[in-house]
Amino acid sequence: MYIFSTIASHKNKSKNMSQNNHFLSQTLDVVYKNLKLATIAVLVNIVILSLVLYGSLNNYNLEIWLVYALLISFARLLLQREYTKKKESLSLKQWENLFVIGVVLGGLIWAFVPLMLMDGLDVLHQAMLFFVIAGMSAGSIASLSSHYKSVSLFLVITLAPLALKLVSFNEEIYYYMALLVFLFLLMLLKIAKTFHQNQIGYIDSQRELKISNSHLKSLIENAPVGILSYDTNLVILEVNSEFSNILEAPLSYLIGLDINTIPDKRILPAFQVSLENMNGFYEGEYVTKLKSLQKWIRIHTTSTRDEEGIITGGLGIILDITDRIKIEKQFEYQAKYDALTNIPNRYTLMDRLKQEIIRFQRYEIIFAVIFIDLDHFKNINDSFGHSVGDALIIEVARRLSESVRDADVVARLGGDEFVLLLPDLSKDEKEAAMKAEMIIHKITRELEVPFLIQSHSFDVTASMGIALSQKKDLSPDDILKHADMAMYKAKKDGRNLNRFYENSMDIYIQQRVQIENDLKNALKHNEFELYFQPIVDVKSSKIVAAEALLRWTKDVSISPEIFIPIAEECGLILPIGAWVVENAIMEFKKWQNLGMGIEKIAINISIKQFIEPYFVESMKQLINKYEMNPRAIELELTESVFIKDFELSKAKMNNLRDLGVHLSIDDFGTGYSSLSYLKHLPFSTLKIDKSFTGDILIDEDDKKLVSTMIMIAKNLDLNIVAEGVEEFAQLNYLGENKADYYQGYFCSKPLKSSAFIDFFATYNAKNWA
C-alpha cells in the first residue's frame, strides 16, 4: 500500500509541476511580450523628464540618473530580444529570475528620481515628477500584473522612496502627500492583484480551451464515424480520417470537394436541408465518386452558425453500415432460403401460400401445392453417408427448379421433402388438375435420369401428393397438410406415384398419428409380444432354429411393416429393440431348459440399435445374465448397417463374432452393392429375401438370381436361409440348388412361444419318425 501511495504521490507532484510550468511559461510569454512596449514608454518618459528638468537642478545628478536609466532600459530591451529568439536556451526559472532582476533595476530608475532629482525643484517641477512616477506606477499594472511578484516589487520600489522623500521635508503638507502616496501604493497593489488574478484566469481559461480544442480535435479525428464540415455552397471544409476511410479517398481530394458535383444525387437532399435550418438524414445505397464503390451509408446533418445565429454551413456525420446490411441480408436470406439447396424454405413457402390464398379468394384462380418425398432416401443416407445424401438433395432441387415455370415456387421443408407451389393454373378445377399433372409428369421424367453422385449412380423415385385450392376458408397449413396426406397415400399405394388429395385421406393421417402416440405407451403397458417362425433344415426337414418376430397386441391389424418404421422415425426403436433382444434370449433359454434341442434363435437388429456405442457391451451383459451360449444367438442385419460406415461396422461385427455370436445378412439383394462387402465381413448366414423366392416358379430371372445367390454363398462358406417359402415346388427348387435352410408358411406361420413349443414337438416327431 505504501508503494502504491508513493507512486500516486509522485504522479500528483508531476501533474502539479507540469501545470505550474505551463502557467509560468504563459506568464513569461505575456510579460516579455509587454516588456518591449513598456520599455519604450519608459524611454519616452526618461527623455521628456530629462528635457523638462535640465537646467532646473544639479545637472550632474540628472546626467548620472539619465545614463543609469538608459543603460537599464536598453539592457531590458536586449533581454526581451533574447527571450524571443532563444527561449529554449535557459530554463523558465532562469528567465523568470532575469526578468525580476530587470524589474527591480527598472523600478530603481524611478526610485532614484525623488532621491536624486527632487531637491531644489519648485512646486511645478515637483508636480511633474509626481505625475511621471504615478503614471509609470499605474502603467506597470497593465504590463506586469500577470507576474504578481514583479508588479509588487516595481510598485514598492517606485513609490516607497517617494513617500520617504516627502516625509523628509518635515512639513505638514508633505506628510499628507506621503500618506496619499502610501494609500496610492496600497490601491495599486490591490488593483495589481485583481489584474493578476484576471490574467491568471484568462491564461487558465486559454489553457483549458486549448486542451478542450485538442481533445475535441482528437475525438473528431479518432471518432469511429466519418465527420465533415461544409460551407453554404456545400463545399467541404474539413473531414476526419474515418470519413476518408469510408469513401476510400485521400484528404486532399475530399477537402474542397463540391458536394453538388457528386454523381450519386440520392444523398444531396440530406445536405441541402441542413442549410434550411433542418436536420438532414439519409440511409441507403451510395456509389462513391472517386472509385465508384458500392456502399450502404447512414448520414446525419445539421447546420452550423456564427455568433449572431446566422447559418454558416453544416456538419455531417456518416456511418458505413455496409457490413451490417450484408449481415442483415444474410440473416434475411437464411431465414427465407434453405441453407443446403439455396431454394426457398418453409417460411418463404408459407408467405407465398398466404398471398396465393388471398388471390384465390378474390379472383377464384386455382393454385396447386405438390408435396414431394423421395422414396427410400433414408437408405441412401444411411448406406452412403450424409455427404452423398446432401449432394443428391442439391441435385434434386436443381432438377425440380428446372422443371417448373418461372412463377412457380420450389421449396425444401427439410430432409428429402420438397413442396411445389403452382399459382395461376385456371378457374376451372379440371383444367387446373390437368396442368398440375403435366408439371408432375415433367418432374417424373427429370427424376428418371440416374443421379451420378461421388462415383455412385442412383435411380431415384418420388411419391407426390397434390392439393388444389378448392375452399376459400383454407389456411396455408391446411392446404400443405392436404398435400402431405396425398403424398402419404402415394407412398402407401406403392411409392413412385402421385395422388390428389381426397377428404378420406384425413383418416389415414389421423391413424398414423394415433399409432405414434400409442407406441409411446406400448412398452409401459406390456402391449408387445414375440412370435417365432421356424427355420427348417432343407435336407432333414427338421426345425433347427427360430426367428423372433415382434407383434403389437393392442391392435393385431397393425402389422410390423406399419408400426416398426413409425417407431424408427419417432425414436422408440431403441427401447423396443432392446426389449425384443432380451425377451427373445429369455424365451430361447426356456426352450433349452425344456430340452427342445433348438440350435439357434435369430433376432432382427435395427440399424439404430447397431450403431449405438454400447451395443456390443449390452449383448455381452445379456449373455452373462441368462448364461447363454453365444453361438446360439444369430443377429440379423440389413445391408444399410455396414454400408454407412464400413470400417466401424466391421470392427463392431468382429467384436460380436469374438463373443461367439453369429451374424446373418437379412433381405439380401434388396440393398446396395452388398456383393463387394460379403467377403470382408464375418457373416455366417445369408438370408434370401422373400421377394426373390416368391416368384421362382414363374419368373426365370428370379430363378437365376436365387441360384446365383446360393452359389456365391457356398463359395464364401455361408449358410443359406430362404425366406417366404409357401409351396413344395419352391422348397424342391431350393433343395436342388443346395440351399441349407428355409422358413415360410409351407412349414408354419409365426407362432406364440407356447404354440411354438407344441408345434415343434409335433413337427419334429413327425419328421423323425
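**Exercise 1. Determine how the lining of the second largest cavity divides by residue class, and identify its residues and volume.**

Solution. By class, five nonpolar, two polar and one charged residues make up the lining of the second largest cavity. The structure is a predicted model. The residues concerned are I357, F360, F367, S469, K471, L474, S475 and I479. Since Lys counts as charged, K471 is assigned to the charged class. The polar class takes S469 and S475, because Ser is not among the residues listed as nonpolar or charged. The volume of this second largest cavity is about 30 Å³.

**Exercise 2. State how many cavities of 30 Å³ or more are counted, and describe the largest cavity.**

Solution. The count comes to two cavities of 30 Å³ or more. The largest cavity has a volume of about 160 Å³. Its lining comprises 19 residues, of which F243, L247, L257, I262 and Y286 are the closest to the centre. Helix 7 (241-247), helix 8 (251-254) and strand 4 (294-305) are the elements that give two or more residues to this lining. Divided by class, the lining of the largest cavity has 17 nonpolar residues, one polar and one charged.

**Exercise 3. Characterise the second largest pocket by volume, lining and contributing elements.**

Solution. The volume of the second largest pocket is about 320 Å³. Its lining consists of K217, I220, E221, I227, L228, S229, E238, V239, N240, L251, I255 and L315. Two or more of these residues come from each of helix 6, strand 1 (226-231) and strand 2 (236-239). The class totals for this pocket are seven nonpolar, two polar and three charged residues. The charged members are K217, E221 and E238, because Lys and Glu count as charged.

**Exercise 4. Locate F182, classify its exposure and name the surface patch to which it belongs.**

Solution. F182 is placed in helix 6 (residues 172-222). Its relative accessibility is 42%, so F182 counts as partly exposed. Together with Y176, L179, L180, L183 and L186, F182 makes a nonpolar surface patch of about 610 Å².

**Exercise 5. For E364 and N526, give phi, the loop and the exposure class.**

Solution. Phi of E364 is near 60 degrees, a positive value in a residue other than glycine. E364 sits in the loop between helix 11 (346-363) and strand 6 (366-374). With a relative accessible area of 43%, E364 is partly exposed. For N526, phi is near 55 degrees, again positive in a residue other than glycine. The loop holding N526 runs between helix 16 (505-522) and strand 13 (528-537). Because its relative accessible area is 65%, N526 is exposed.

How values were computed: Residues are numbered from 1 along each chain as its sequence is written. This is a predicted model: local features need pLDDT of at least 70, side-chain atom pairs count only at pLDDT 80 or more; totals for chains, interfaces and linings use all residues. Side-chain values use heavy atoms; hydrogens and water are left out. Patches are made of residues with over 30% relative accessible area and no salt bridge: like charges are joined within 9 Å, nonpolar side chains (Val, Leu, Ile, Met, Phe, Trp, Tyr) within 5 Å. Accessible areas come from the Shrake-Rupley method with a 1.4 Å probe; for residues, only the protein chains shown count as cover. A salt bridge is a side-chain nitrogen of Lys or Arg within 4 Å of a carboxyl oxygen of Asp or Glu. Helices (H or I, at least four residues) and strands (E, at least two) are DSSP runs, numbered from the N terminus. Buried means under 20% relative accessible area, exposed over 50%, partly exposed in between (1.4 Å probe, protein chains only). On a 1 Å grid over the protein atoms alone, a cavity is a set of points where a 1.4 Å probe fits but cannot get out, and a pocket is an open set with protein on both sides within 12 Å along at least five of seven lines; lining residues have an atom within 4 Å of a point. Grid points are joined across faces, edges and corners, and a volume is the space filled by probe spheres set on the points.
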